[in-house]
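Dear colleague,

Here is the structure I said I would pass on. The sequence and coordinates come first, and my notes follow.

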Amino acid sequence: MTPVTVRVPAKVNLQLGVGPLRDDGYHDLVNVFHAVSLFDEVTALPADEPVVTVEAAPDAQVAIEDVPVDGDNLALRAARLLAERLGVEPNVELRIRKAIPVAGGMAGGSADAAGALLACARLWKADRILPALPELAAEIGSDVPFALLGDTAIGLGRGERLTPVETSGTFHWVFATADGGLSTPAVYGECDRLREAQGEDVPWPRPSEALMKALAAGDAHALGAALTNDLQPAAVMLRPSLRRTLDTGRELGAIGALVSGSGPTTAFLAASPEHAADLAAALGQTGVARQVVRADGPVPGATVV
Ligand code: ATP
């Protein structure tokens, strides 16, 4: 059996609308996912037992020491789930090469899980299972189906019920990563706490029409104005330095700026590739970021390379 390598993108949320807290502890979301050209690679090889190794991609400053290499690793969990569904032994070595920040709000763990599903399905010559991968992905986590699909999509429910969104052209992004991650449940918890303290009714989230129009038209300036993230106040409360990072990006000319998902990565939209290069260089010099990374979107989801 020859090894199979899958490349899988990070995401940024162009809209993250968080509804009221449900009785089951989750929130209804309107989640506009956008896949960007910052990729992890997952290679699946035959092995005597399930094993996972993690390394940083060249030039990527990612905290691989924070990624579990036991049964908690999302890629390994994905491989085990697929093996169980296929009735085969989960004997695979997964080699993860990470460029997506860890616990950075860019769904790196979900990306690795999606990559492992596709790589193992191919390694085990189980093409018949490919149509069922989105459903398996949703069992692992609500961001995993989008990592398979890629491009731009609205996720409803907990984010896992996906509908592709029409877009034109390419958008140019600059991401500022931060030292240390933010726990997604902690950020949701802080969001609930802030809302309760404000005492206002939480409106039901709806997809933003301005955002959909900007995406369809390929209008970066309109997109920049339409970016929203209901988790941003909570992420900034838990990590006050993000306020300065966002302000700095705007002062340096970003046409849109927001916290990516639950943070602490921040995302800045540029008007052109040249503008993105200038913005990235200027942001890098300020020292507000651990690392400044450029990426374009949308890009396809998990792909065998
Ligand atoms: P999201 O944007 O979906 O909220 P995130 O980007 O903030 O996620 P991840 O990088 O997906 O966060 O990781 C969150 C936690 O998941 C990590 O702290 C780590 O303990 C655990 N984890 C398990 N498997 C992986 C993996 N393959 N890569 C990264 N983290 C993993």
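His172 has Asp296 of strand S11 opposite to it. The model is a predicted one, and that applies to everything below. The strands concerned are S7, residues 171-177, and S11, which run antiparallel and are joined by seven bridges.

Both belong to an open sheet of four strands, in the order S9-S10-S7-S11, with antiparallel pairing. Strand S9 (256-259) and strand S11 (291-297) are the edge strands, each pairing on one side only. From one strand to the next, the twist averages 25 degrees. Helix H10, residues 273-286, packs on this sheet and touches S7, S11 and strand S10 (266-270). The direction of H10 makes about 165 degrees with that of S11.

Next, the hairpin of S1 and S2.

Strand S1 covers residues 4-21, and strand S2 covers residues 27-46. The two pair in the antiparallel sense over 15 bridges. At one of these positions, Val4 has Ala44 in S2 as its bridge partner. Five residues lie between the strands of the hairpin, and there Gly25 takes a positive phi near 90 degrees.

S2 has further partners. Strand S5 (residues 152-156) is joined to S2 by four bridges, and the two run antiparallel; Asn31 stands opposite Gly155 in S5. Strand S4 (residues 92-98) is also antiparallel to S2, with six bridges between them, and Pro46 stands opposite Val92 in S4. How much of S2 is buried? Of its 20 residues, 16 are buried, so the strand is largely enclosed by the rest of the structure.

Leu14 is a residue of S1 with a relative accessible area of 0%, so it counts as buried. Leaving aside neighbours within four places in sequence, the contacts of Leu14 include Val32, His34, Thr152, Trp173, Leu211, Leu215, Leu223 and Leu258. Leu227 is also in contact with Leu14. Leu14 and Leu227 are 213 residues apart in sequence, yet their C-alpha atoms are 5.3 Å apart in space.

Then there are the annotated positions.

An unreviewed UniProt entry carries the annotation "active site" for Lys11 and Asp143. The two are spread over 133 residues of sequence but cluster in space, the largest C-alpha distance being 9.1 Å. Lys11 and Asp143 are both included in the lining of the largest pocket.

Lys11 is found in strand S1. Is Lys11 buried or exposed? Its relative accessible area is 7%, which is under the 20% limit, so Lys11 counts as buried. Its side chain reaches the backbone oxygen of Gly105 at 3.1 Å. Apart from neighbours within four places in sequence, Lys11 is in contact with residues including Phe33, His34, Ala35, Met106, Ala107 and Phe146. Ser260 and Gly261 are also among its contacts, as is Asp143, the other annotated residue.

Asp143 sits in the loop between helix H3 (133-140) and helix H4 (144-149). With a relative accessible area of 22%, Asp143 is partly exposed, because that class begins where the buried one, under 20%, ends. Not counting residues up to four places away in sequence, Asp143 touches Lys11, Phe33, Ala107 and Ser110. Phe33 and Ala107 are thus in contact with Lys11 and with Asp143.

One last residue, in a helix.

Thr248 lies in helix H9, residues 241-251. At 12% relative accessibility, Thr248 counts as buried. A polar atom of the Thr248 side chain lies 2.6 Å from the backbone oxygen of Arg244. Outside the neighbours within four places in sequence, Thr248 is in contact with Leu283, Thr286 and Val288. Of these contacts, Leu283 and Thr286 fall within the residue range of H10 (residues 273-286), the helix that packs on the sheet described at the start.

Regards

Technical notes. Residues are numbered from 1 along each chain as its sequence is written. This is a predicted model: local features need pLDDT of at least 70, side-chain atom pairs count only at pLDDT 80 or more; totals for chains, interfaces and linings use all residues. Side-chain values use heavy atoms; hydrogens and water are left out. Two strands pair if DSSP finds at least two bridges between them. Axes are lines fitted to C-alpha atoms, for helices over the stretch in contact, and angles run from 0 to 180 degrees between N-to-C directions. Contact means heavy atoms within 4.5 Å. UniProt positions are given in the numbering used here, feature names are shortened, and annotations may be inferred rather than shown by experiment. On a 1 Å grid over the protein atoms alone, a cavity is a set of points where a 1.4 Å probe fits but cannot get out, and a pocket is an open set with protein on both sides within 12 Å along at least five of seven lines; lining residues have an atom within 4 Å of a point. Buried means under 20% relative accessible area, exposed over 50%, partly exposed in between (1.4 Å probe, protein chains only). A polar contact is a pair of N or O atoms within 3.5 Å; within protein, one must be able to donate a hydrogen and the other to accept it, and residues adjacent in sequence count only if both atoms are side-chain atoms.
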